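Here are some exercises to work through with the model open beside you. Try each task before you read its solution.

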Amino acid sequence: MRNGALVVFGLVGMLAILAVTGFLYWNKQKYLEATKAQVASLQLQVANLEGQLTASQSGAQALQTRLEKAVQDLALTQQQLVQSGMEVTALQGQISAANKRTEAVTTQLTMVKAELEALQAPPLTTGDPVVTKGSLSALQRISVPIELKAFEQVQGELFAASWDLTFYIQDPTGAMVRNFGKVVQTNFQFTAQAPGRYTLFIADPYGRVDIGDGAIAYTLRYVILRK
């Protein structure tokens, strides 16, 4: 009896061990299956991420290509702008030169027209001689105004008695018609290119220390050839 009880007890123990072992194995299997499912899910996620990464890399490559193309287009546009600027500058120079040539031609035509009108006009008539005499003290200057029409002429001469005097002529705008410098005697002639008051200037350029005491006498004679 005692031996039978031991056998039964041993069988029960073995069954208990087998049951516990089976339970543990079953739990292990469930854990392994869950782990396999997680691994499969992670693999799928990795595959999806790899697909997204590949797509992103393709998109980045496309963006890089577009960026390089845009940089090339920008450089080409800048070159075209520089070229256009050079062409505009060249055109402006050509236009300026053409305008100058046009102005020169217009001036020449105006002068030719005026000369033709002068040639077609009646001949000039010589007026009575005009004589102006006087003397100039140190650094003194006088002016002799003459009203003229276009293309009227003045012919005359200037005499200085002892020392030379400076003599020059200005047009109505103040521009120099002719500067004779220092002269003792000179003949002069000029034609009015525009109507207005022309002025003959006579000046004593010396201080009395230079030439001693006394004024310098002068005689100015001229006639006007009028229309």
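Buried means under 20% relative accessible area, exposed means over 50%, and partly exposed lies in between, with a 1.4 Å probe and protein chains only. The model is a predicted one, in which local features need pLDDT of at least 70 and side-chain atom pairs count only at pLDDT 80 or more, while totals for chains, interfaces and linings use all residues. Residues are numbered from 1 along each chain as its sequence is written, and side-chain values use heavy atoms, with hydrogens and water left out.

**Exercise 1: the sheet**

Work out the order of the four strands in the open sheet, and find its edges.

Step 1. Settle the terms. Strands (E, at least two residues) and helices (H or I, at least four) are DSSP runs numbered from the N terminus. Two strands pair if DSSP finds at least two bridges between them. In general, strands of a sheet pair through backbone hydrogen bonds, either parallel or antiparallel.

Step 2. Read off the order: the open sheet runs 3-8-5-6, with antiparallel pairing. Its edge strands are strand 3 (141-148) and strand 6 (176-183), each of which pairs on one side only. From one strand to the next, the twist averages 15°; axes here are lines fitted to C-alpha atoms (for helices over the stretch in contact), and angles run from 0 to 180 degrees between N-to-C directions.

Step 3. Zoom in on one pairing. Strand 5 (residues 165-170) and strand 8 (residues 196-203) are joined by five bridges in the antiparallel sense. For Thr166, the bridge partner in strand 8 is Ala203.

**Exercise 2: salt bridges across the chain**

Find the partners of Glu147, Glu152 and Arg221 in salt bridges, and classify each residue as buried or exposed, or in between.

Step 1. Apply the rule: a side-chain nitrogen of Lys or Arg must lie within 4 Å of a carboxyl oxygen of Asp or Glu. The count comes to four salt bridges.

Step 2. Take Glu147. Its side chain meets that of Arg197, at 2.7 Å from N to O. Glu147 belongs to strand 3 and Arg197 to strand 8, so this pair links distant parts of the chain, 50 residues apart. Glu147 has a relative accessible area of 43%, so it is partly exposed. Arg197, at 49%, is partly exposed too.

Step 3. Move to Glu152, which forms a salt bridge with Arg226 at 3.2 Å, N to O. Glu152 sits in the loop between strand 3 and strand 4 (153-160), and Arg226 is in strand 9 (residues 216-226), 74 residues apart. Glu152 is buried because its relative accessible area is 2%, whereas Arg226 is partly exposed at 36%.

Step 4. Finish with Arg221, whose side chain meets that of Glu157 at 3.9 Å, N to O. Arg221 lies in strand 9 and Glu157 in strand 4, 64 residues apart. Arg221 has 34% relative accessibility and is partly exposed; Glu157, at 23%, is partly exposed as well.

**Exercise 3: positive phi**

Describe the backbone and the setting of Leu139 and Phe151.

Step 1. Recall the background: most residues other than glycine have a negative phi.

Step 2. Check Leu139, which is not a glycine yet has a positive phi of about 60°. Leu139 is in the loop between strand 2 (130-136) and strand 3, and counts as exposed at 62% relative accessibility.

Step 3. Check Phe151, whose phi is positive at about 75°, again without being a glycine. Phe151 lies in the loop between strand 3 and strand 4. At 17% relative accessibility, Phe151 counts as buried.

**Exercise 4: aromatic pairs**

How many aromatic pairs are there in the whole structure, and how are the rings of Tyr168 and Phe201 arranged?

Step 1. Set the cut-offs: rings of Phe, Tyr and Trp (its six-membered ring) pair if their centres lie within 6.5 Å, and planes under 30 degrees apart count as stacked, over 60 as edge-to-face and the rest as tilted.

Step 2. The search of the whole structure finds six aromatic pairs. One of them is Tyr168 with Phe201, which is stacked because the centres are 5.0 Å apart and the planes at 20°. Tyr168 is in strand 5 and Phe201 in strand 8, 33 residues apart. Tyr168 is buried at 14% relative accessibility, and Phe201 is buried at 10%.

Step 3. Compare Phe190 and Tyr198: this pair is tilted, with 5.7 Å centre to centre and 35° between the planes. Both Phe190 and Tyr198 are buried.

Step 4. Look for a cluster: ring pairs link Phe167, Phe180 and Phe188 into one.
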